[in-house]
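Please look over the model below. A set of short questions and answers follows.

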Amino acid sequence: MGSGPSTIRGKVLIGADGPNSIVAKAHGMKREHDPMGIGTAFEYELANTAADRDAVEMYFGKDYVPGGYAWIISQGGNTANIGVGIREVLFEKNMCARDYLEKFMYKHPIASEKLQDARILSVVSGVVPVGGTPEKTVSNNVMLAGDAAGQLIATNGGGIPTAMIGGKLAGETAGEYIAGKCELSIYEKRWREQMGLEIKTAVYIRKMMDNLMRSDRLMSKAIRTISPQYMKAIQCGKLPDPVKKTLTKLNFGLG
């Protein structure tokens with residue numbers, strides 16, 4: 001193909017063009033406005049670290065990661081990925097995502113000791129839509145999938161498994177539609193049946209946790225109170241009754 005503009009026509013368009021989806025905007029499928037519903041992820045791949053090879057480390061604290069968390073994940077040997085997932089609306093004046101990552105890397109009392117001799121190999125950054133899905137993800141001959149459809153778990157910002165499910169269902173539905181076997185609208189039902197509840201629940205939990213994250217004391221209390229079993233459930237977009245009671249109690253400052 002040449003370097004100039006071109007036009008491609010098709011019977012179905014799948015918008016898998018990320019959190020700032022042009023396809024979604026062009027077809028009236030934008031998400032509800034929520035300043036806290038957009039996160040920023042900024043990550044370094046490092047060499048020469050002392051990261052724990054057997055654990056995924058997560059760090060919280062409004063001074064280092066406002067409205068989110070930082071991570072250290074070993075990639076084997078002495079390499080590791082470190083990053084921050086934070087909300088720009090909570091940034092201190094004149095601070096950016098890179099500033100918070102550098103602060104975590106060099107000044108955090110625990111992380112800095114593991115990363116003091118590290119060397120940066122690469123940088124990755126992006127926008128993470130943690131505000132949930134638009135009201136509809138199908139319009140005429142257009143479907144949305146992945147980040148464009150808000151198909152991710154807001155409690156941890158993970159979107160690869162959900163995007164794979166959404167993309168697979170969108171592709172299968174498109175094929176069946178072209179073959180005259182179904183309407184495109186069935187895609188909405190299919191993906192929401194498979195993961196809609198988990199996505200919706202994760203957004204609900206995220207909104208409860210947003211209040212706790214404004215106070216390191218309450219956040220620490222929540223982490224100490226919630227068992228590892230329930231914490232794992234939260235990360236998967238599930239809300240057991242004991243966790244709901246705990247978060248509700250802490251949100252009202254009754255602890």
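**Salt bridges, surface and core**

Q: Is Lys168 buried or exposed?
A: This is a predicted model. Lys168 has a relative accessibility of 54%. The cut-off for exposed is over 50%. Because 54% passes that cut-off, Lys168 counts as exposed.

Q: With which residue does Lys168 form a salt bridge?
A: Lys168 lies in helix H4 (residues 160-178). Its partner lies in helix H4 too, four residues apart, about one turn of the helix. The closest N and O atoms of the pair are 2.6 Å apart. The partner of Lys168 is Glu172.

Q: What does Glu172 count as, at 35% relative accessibility?
A: Buried needs under 20% and exposed needs over 50%. Glu172 has 35%, so it falls in between. Glu172 counts as partly exposed.

Q: How far apart are the closest N and O atoms of Lys189 and Glu193?
A: Lys189 and Glu193 both lie in helix H5. They are four residues apart, about one turn of the helix. They form a salt bridge, and a salt bridge needs a nitrogen within 4 Å of a carboxyl oxygen. The closest N and O atoms are apart by 2.7 Å.

Q: Which of the words buried, partly exposed and exposed fits Glu193?
A: Its salt-bridge partner Lys189 is partly exposed, with a relative accessible area of 48%. Glu193 has a relative accessible area of 58%. Exposed means over 50%, so Glu193 is exposed.

Q: How many residues apart are Asp34 and Arg206?
A: Asp34 forms a salt bridge with Arg206, with the closest N and O atoms 3.4 Å apart. The pair links distant parts of the chain. Asp34 is in the loop between helix H1 (22-26) and strand S2 (38-47), while Arg206 is in helix H5 (residues 186-212). Their separation is 172 residues.

Q: Is Arg206 buried or exposed?
A: Asp34, at 21% relative accessibility, counts as partly exposed. Arg206 has a relative accessible area of 5%. The cut-off for buried is under 20%, so Arg206 is buried.

Q: Which residues are linked with Asp34 in a network of salt bridges?
A: The structure holds nine salt bridges. One of them joins Asp34 to Arg206. The network links Asp34 with Arg87, Arg206 and Asp210.

Q: Where is Asn81, and is Asn81 buried or exposed?
A: Asn81 lies in strand S5 (residues 80-86). Leaving aside neighbours within four places in sequence, its contacts include Glu43, Tyr44 and Trp71. Its relative accessible area is 15%. Buried means under 20%, so Asn81 in strand S5 is buried.

Q: Which residues make a nonpolar surface patch of about 320 Å²?
A: One member is Phe60, found in the loop between strand S3 (56-59) and strand S4 (69-74). Phe60 is partly exposed, with a relative accessible area of 31%. A patch residue needs over 30%, so Phe60 passes. The patch is made by Val56, Met58, Phe60 and Ile223.

Q: What percentage of the residues of the protein count as buried?
A: The protein has eight helices and eight strands. Its C-alpha trace spans about 60 × 50 × 35 Å along the principal axes. Of its 255 residues, the buried share is 43%.

Q: How far apart are the mean positions of the positive and negative charges of the protein?
A: The protein has 32 positive charges and 26 negative charges. Each set has its own mean position. The two mean positions are apart by 5 Å.

Note on methods. Residues numbered from 1 in each chain as written. Predicted model: local features only at pLDDT ≥ 70, side-chain atom pairs only at ≥ 80, totals over all residues. Heavy atoms only, no water. Helix = DSSP H or I, 4+ residues; strand = E, 2+ residues; numbered from the N terminus. Buried < 20%, exposed > 50% of the residue type's maximum accessible area, 1.4 Å probe, protein only. Lys, Arg positive; Asp, Glu negative; His and termini not counted. Charge placed at Lys NZ, Arg CZ, Asp CG, Glu CD. Patch = residues over 30% accessible without salt bridge, like charges linked within 9 Å, V, L, I, M, F, W, Y side chains within 5 Å. Areas by Shrake-Rupley, 256 points an atom, 1.4 Å probe, with all protein chains shown as cover. Salt bridge = Lys/Arg side-chain N within 4 Å of Asp/Glu carboxyl O. Contact = heavy atoms within 4.5 Å.
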